[in-house]
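Work through the exercises below with the sequence and the 3D view open, trying each task before reading its solution.

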Amino acid sequence: MNTNKKYKDSVFTRYFSDKQKLRLLYNALENTNYGEETEVNIITLEDVLFMNQKNDICFTIDNKFILLIEHQSTINNNMPLRCLLYIAREYEKLIDRNIVYRSTLQKIPTPHCYVFYNGVRNYPKEKILKLSDAFLVPQNPPELELNVKVININYEENHTIVQQCQHLKEYSYFISVVRTYLKKGLKLNDAIVNAVKTCINENVMKKFLEKNASEVVNMLFTEFDMDTAKKIWKEEAREEGRNEGIAEGRNEGRNEGKKEKQIEIAKNLLVMLDVKDINIISKATGLSIEEINKLM
């Protein structure tokens, strides 16, 4: 299968880039009961957080600024710092810069940051990552803080928020079905295609999958393949490290052999030929004056 590298959305981003879905998801996250009369504005930035992959959703609701990020690999403990930089970019986009120089207090949307963990490694159902944990000099209380709430949305974890939001539950189940087919030995492409068919038959994400089937296969293939690529990069890095270590060892061995040869020549000049001029011995062997003095 030829993966379309032009896709920058993840399946998560594409599926939840819908105002009604986001409204219901937020209700589950914050235990609110917003209806369709509550305005939702999607303000996701392009290519900021994850270099070449737009894998986040940002929206405002009831004067709140919500940043949603999905992870299908190990959680990055630098997420609070990355969210801080992202939020700063968003505020620059939302607010007229000239306003900050006025004396009147400029009100801004209240930020909330969430990371949805959907990886295969064990991870707590919930965890709070704090920006202050990264400070070189701890502060109590910190003068600047940003909390990121990490929620494990793996279907098997059965998190309350997943159960309370039907769209999140269905998405979580879909990813679980893909992994189930992978465990059965199917190739990645076949696993995704079979998962799409299974979920459509089970009325899970049905309309979305029927409408975007080919794109979903492409996007998810890229996402899962990216995880695989990262593992390969790590293995290659370790292998490269080993190779460098071997190369360094060989160089070290060569250098040690060269040094031993230089010392041997110097000893012959000193003892057998009775050469007393240190400068001559230094030029002949490449040893320093100090090294020759030690030999003498």
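How exposed is Glu-126, and what is its relative accessible area? Glu-126 is partly exposed, with a relative accessible area of 39%; buried means under 20% relative accessible area, exposed over 50%, and partly exposed in between, with a 1.4 Å probe and protein chains only.

Before going on, note that this is a predicted model, in which local features need pLDDT of at least 70 and side-chain atom pairs count only at pLDDT 80 or more, while totals for chains, interfaces and linings use all residues. Residues are numbered from 1 along each chain as its sequence is written, and side-chain values use heavy atoms, with hydrogens and water left out.

**Exercise 1. Find the salt-bridge partner of Glu-126 and say which strands the pair ties together.**

Step one is the contact: the side chain of Glu-126 meets that of Lys-149 in a salt bridge, at 3.7 Å from N to O. The term stands for a side-chain nitrogen of Lys or Arg within 4 Å of a carboxyl oxygen of Asp or Glu.

Step two is the location: Glu-126 belongs to strand 5 (residues 126-130) and Lys-149 to strand 6 (residues 147-152), so the salt bridge ties together parts that are 23 residues apart in sequence. Helices (H or I, at least four residues) and strands (E, at least two) are DSSP runs, numbered from the N terminus.

Step three is the setting of the partner: Lys-149 counts as partly exposed, at 24% relative accessibility.

**Exercise 2. Work out how strand 6 is paired with strand 4 and with strand 5.**

Two strands pair if DSSP finds at least two bridges between them. Strand 4 (residues 110-117) pairs with strand 6 in the parallel sense, over five bridges. Strand 5 is joined to strand 6 by five bridges as well, but these two run antiparallel. Now look at Val-150 in strand 6: this residue is the bridge partner of Val-115, and Lys-127 also stands opposite Val-150.

**Exercise 3. Test the length of helix 2 and describe its ends.**

The expected span of a helix is 1.5 Å times one less than its number of residues. The twelve residues of helix 2 (residues 19-30) should therefore span 16 Å, and the end C-alpha atoms are 16 Å apart, which agrees.

At the N-terminal end, Asp-18 acts as the cap, with a side-chain oxygen 3.1 Å from the backbone nitrogen of Gln-20. Just after helix 2, Asn-31 takes a positive phi of about 55°. The buried residues of helix 2 include Leu-22, Leu-25, Tyr-26 and Leu-29.

**Exercise 4. Trace the salt bridge that starts from Lys-19, and set another beside it.**

Side chains of opposite charge can pair when their charged atoms come close. The structure holds five salt bridges. In one of them the side chains of Lys-19 and Glu-39 meet at 3.6 Å, N to O. This pair links distant parts of the chain, 20 residues apart, with Lys-19 in helix 2 and Glu-39 in the loop between helix 2 and strand 1 (40-42). Lys-19 is partly exposed at 37%, and Glu-39 is partly exposed at 49%.

Another salt bridge joins Arg-97 to Glu-92, whose closest N and O atoms are 3.7 Å apart. Here Arg-97 counts as exposed, at 56% relative accessibility, whereas Glu-92 counts as partly exposed, at 44%.

**Exercise 5. Locate backbone angles that call for a second look.**

Most residues other than glycine have a negative phi, and most peptide bonds are trans. Asp-62, which is not a glycine, has a positive phi of about 50°, and its place is the loop between strand 2 (56-61) and strand 3 (64-71). Asn-203 likewise has a positive phi, of about 60°, in the loop between helix 6 (188-201) and helix 7 (206-272). As for peptide bonds, the one from Asn-140 to Pro-141 is cis, with omega near 0°, and Pro-141 lies in the loop between strand 5 and strand 6.

**Exercise 6. Classify the ring pair of Phe-12 and Phe-16.**

Rings of Phe, Tyr and Trp (its six-membered ring) pair if their centres lie within 6.5 Å; planes under 30 degrees apart count as stacked, over 60 as edge-to-face and the rest as tilted. The structure holds ten aromatic pairs. For Phe-12 and Phe-16 the centres are 5.1 Å apart and the planes stand at 45°, so the pair is tilted. Both residues lie in helix 1 (residues 11-16), four residues apart, about one turn of the helix, and both Phe-12 and Phe-16 are buried.

Conventions. A polar contact is a pair of N or O atoms within 3.5 Å; within protein, one must be able to donate a hydrogen and the other to accept it, and residues adjacent in sequence count only if both atoms are side-chain atoms.
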